[in-house]
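Work through the exercises below with the sequence and the model open. Try each task before reading its solution.

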Amino acid sequence: MSGEVEDPKSNVRRLIDAAILSSDDGIHFHAEDGFPDWYPSIFGESSDPGKQSPFLAGFIDLVRDSDESERKKSGLWEEQSRFFEAVAVKQGSRILLMVECADERHHFEQQILHSSHIHELNRERLQKELELKKVLLECVMHDLANPAAVLLMNLQHIEKKLESGDERSLRAAVERAINQVNRQKQLIQSISEVFGAEANEAREMKWDEAPDLVVLAGEIADEMESAAESRAVSLSLEVSDPGVTRVKADPVYVKRVLVNIVGNALRHSPERGSVGISVGRNGGFVRCRVSDQGSGFEEEAGDPFKAFNQGSSNTGSSGLGLYFSKLAVEMFGGTILAENEKGGGAAVILNLPVAS
Amino acid sequence: MPEFKKKVCLIGSFAVGKTSLIRRFVSGVFSDEYLTTLGVKVDQKTVTLEGREVLLLVWDLAGSDQFAKVQQAYLAGSSGFLFVADGTRKSTLDDVVEEAEGILKLFPVVSISFLINKVDLAEEWEVTEERISELKERYPVRLTSALTGDEVEETFLSLAREMVEVSR
Ligand SMILES: Nc1nc2c(ncn2[C@@H]2O[C@H](COP(=O)(O)OP(=O)(O)OP(=O)(O)O)[C@@H](O)[C@H]2O)c(=O)[nH]1
Ligand SMILES: [Mg+2]
């Protein structure tokens, strides 16, 4: 019958693989119940378990100095490539100590901690890389912008001087050079916008200045009127269904996007053509549609919103305007798409989340 | 039996090279591989100073990170601290200086040194000369490498010497 009576201590030991030690004087320990197999090879067979393990010795000291009946936990530690954890209580001069083999728990927690550290190291490295690229970009932009400005000034000076003479061909060459420099400047401006938008993706936005898309579109139409006139293109703004047309987006960015899209439409317009801007609600979004009567987006040219994807007719843009627009619009949770109209011409449709 | 027994704790952010420095000092080896330490490991090494043996108990504590600071209970009984930073990640120096200041309030009379580790990685080095000389005005500082062994032995020996002198 004796086999049926379970000794509670040996039962606990079997369940958690621990050594249970007690000490009446707080110094000499004994295991009433024998040791688990791993115990003697690691902690020895003496009555002082701290003898082989400075860590355990420190823990026992700590318990000895602790308050009565306070349960102390050692935390995980390593001995000879195995892991342990101890729990102890003090009662008077008596100490009860349980040393548990915790290999499995260590393995599990170690993996989690390790991957979180690797993650963090990668994040730090990427951030460093990004910072470096930003600095590099700033240097490149500076180097690009400076000579262009100087060249432009000189060319303008020459042009003025030439006005007295009649060297027409020379003058035409100077004009071409000026145009080229202006294009370079535009390209630099676009690059800075694009990289600015990318770098800002993580930036937190304040929504308190939710702009009205109708108002912004009106401002753009006014600002671009003279550019339209110089190409004899008519520019019109139409508000299809008035209502709330304020959007959850940074007005500076939205304006830049509109300048890009309307500028694009103007450039692709035939002479005496028309460019239409219409603004209206579209469910939870405010929609802005900019249409022109140009030759439309070319299928072969690929996605017009990809960087440097231009159609075959090089109209003097950098190929970055629409790319920037997409980045910016998506940053605010909006969408942008391009389509060709059945009767010819193209349209760009912009949807930005409405500000409630 | 060694004449002295001294406890030394290595403190510092994760992956700065605490485990590697100890392995270099105790076993003379180095590994590229990174395996985060979870829990505590105590290594022992006896050094001889002018014919007298000193047993060093070197405590490798899991690197502190944004989730966990080193448990104070582990620091009890220490005669020395080595505060370790990674010279290629300058934030680890700021973090360990802050942690050290807290610890030194609790243990004002211990021997310490700051180690700016991975000095072999010159190309990725981030800690400036000014930062180092500013720190040197307040604390002992060494530039170490667990990879090459630079200043590792020297660090432990001079700490041992200092700890023994203090205890006399
Ligand atoms: N180049 C170089 N690498 C080092 C040096 N010291 C450590 N490392 C590397 O840095 C990584 C982290 O080293 P560990 O010694 O594990 O760092 P730890 O401070 O113990 O990290 P935790 O245990 O997570 O707190 C490993 O990949 C090491 O090989 C060094 O002096 N030079
Ligand atoms: Mg480690």
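## Exercise 1: the start and the buried side of a helix

At the start of α6(A), a side-chain oxygen of A:Asp212 lies within 3.0 Å of the backbone nitrogen of A:Val214. A polar contact is a pair of N or O atoms within 3.5 Å; within protein, one must be able to donate a hydrogen and the other to accept it, and residues adjacent in sequence count only if both atoms are side-chain atoms. Helices (H or I, at least four residues) and strands (E, at least two) are DSSP runs, numbered from the N terminus.

The model is predicted: local features need pLDDT of at least 70 and side-chain atom pairs count only at pLDDT 80 or more, while totals for chains, interfaces and linings use all residues. Residues are numbered from 1 along each chain as its sequence is written, chains are lettered from A and ligands numbered from 1 in the order in which they are written, and side-chain values use heavy atoms, with hydrogens and water left out.

**Task.** Which residues of helix α6 of chain A are buried, and what covers them?

**Solution.**
1. Apply the cut-offs: buried means under 20% relative accessible area, exposed over 50%, and partly exposed in between (1.4 Å probe, protein chains only).
2. In α6(A), residues 213-223, the buried residues are A:Leu213, A:Leu216, A:Ala217, A:Gly218, A:Ile220 and A:Ala221.
3. As a check on the spacing, an α-helix has 3.6 residues a turn, so residues three or four places apart point the same way.
4. The cover includes the helices α7 (225-230) and α8 (251-268) of chain A. It also includes the strands β7 (234-239), β8 (274-282), β9 (285-292) and β11 (346-353) of chain A.

## Exercise 2: the magnesium site

**Task.** Which protein atoms are donors of the magnesium ion (ligand 2), and where in chain B do their residues lie?

**Solution.**
1. Donors are N, O and S atoms within 2.8 Å of the metal (3.2 Å for Na, K and Ca); water is not among the atoms, so sites may look incomplete.
2. The protein donors are OG1 of B:Thr19 and OG1 of B:Thr37, at 2.0 to 2.1 Å from the ion.
3. B:Thr19 belongs to helix α1 (residues 18-27) and B:Thr37 to the loop between α1 and β2 (40-49), so the pair ties together parts of chain B that are 18 residues apart in sequence.
4. B:Thr19 is partly exposed, at 29% relative accessible area, whereas B:Thr37 is buried, at 17%.

## Exercise 3: an aspartate beside the donors

**Task.** Is B:Asp60 buried or exposed, and which residues is B:Asp60 in contact with?

**Solution.**
1. B:Asp60 is part of strand β3 (residues 52-60) of chain B, and is buried at 3% relative accessibility.
2. Contact means heavy atoms within 4.5 Å. Leaving aside neighbours within four places in sequence, B:Asp60 is in contact with B:Lys18, B:Thr19, B:Ile22, B:Thr37, B:Gly39, B:Val40 and B:Lys41.
3. Both donor residues, B:Thr19 and B:Thr37, are among these contacts.
4. The side chains of B:Asp60 and B:Thr19 make a polar contact of 2.6 Å.

## Exercise 4: a serine and a glutamine in loops

**Task.** Where do A:Ser53 and A:Gln80 lie, and is each buried or exposed?

**Solution.**
1. A:Ser53 sits in the loop between α2 (39-43) and α3 (54-64) of chain A. A:Ser53 is buried, with a relative accessible area of 0%.
2. Beyond four places in sequence, A:Ser53 is in contact with A:Phe43, A:Trp77 and A:Glu79. The side chains of A:Ser53 and A:Glu79 are joined by a polar contact of 2.5 Å.
3. A:Gln80 sits in the loop between β4 (77-79) and β5 (82-91) of chain A, and is exposed at 53% relative accessible area.
4. Beyond four places in sequence, A:Gln80 is in contact with A:Ser41 and A:Ile42. A:Gln80 and A:Ser41 are 39 residues apart along the chain, with their C-alpha atoms 9.7 Å apart.

## Exercise 5: chain A in totals

**Task.** How many helices and strands does chain A have, and what share of its residues is buried?

**Solution.**
1. Chain A has 9 helices and 11 strands.
2. Of the 356 residues in chain A, 38% are buried.
3. Of the contacts in chain A between residues at least 6 apart in sequence, 60% join residues at least 24 apart.
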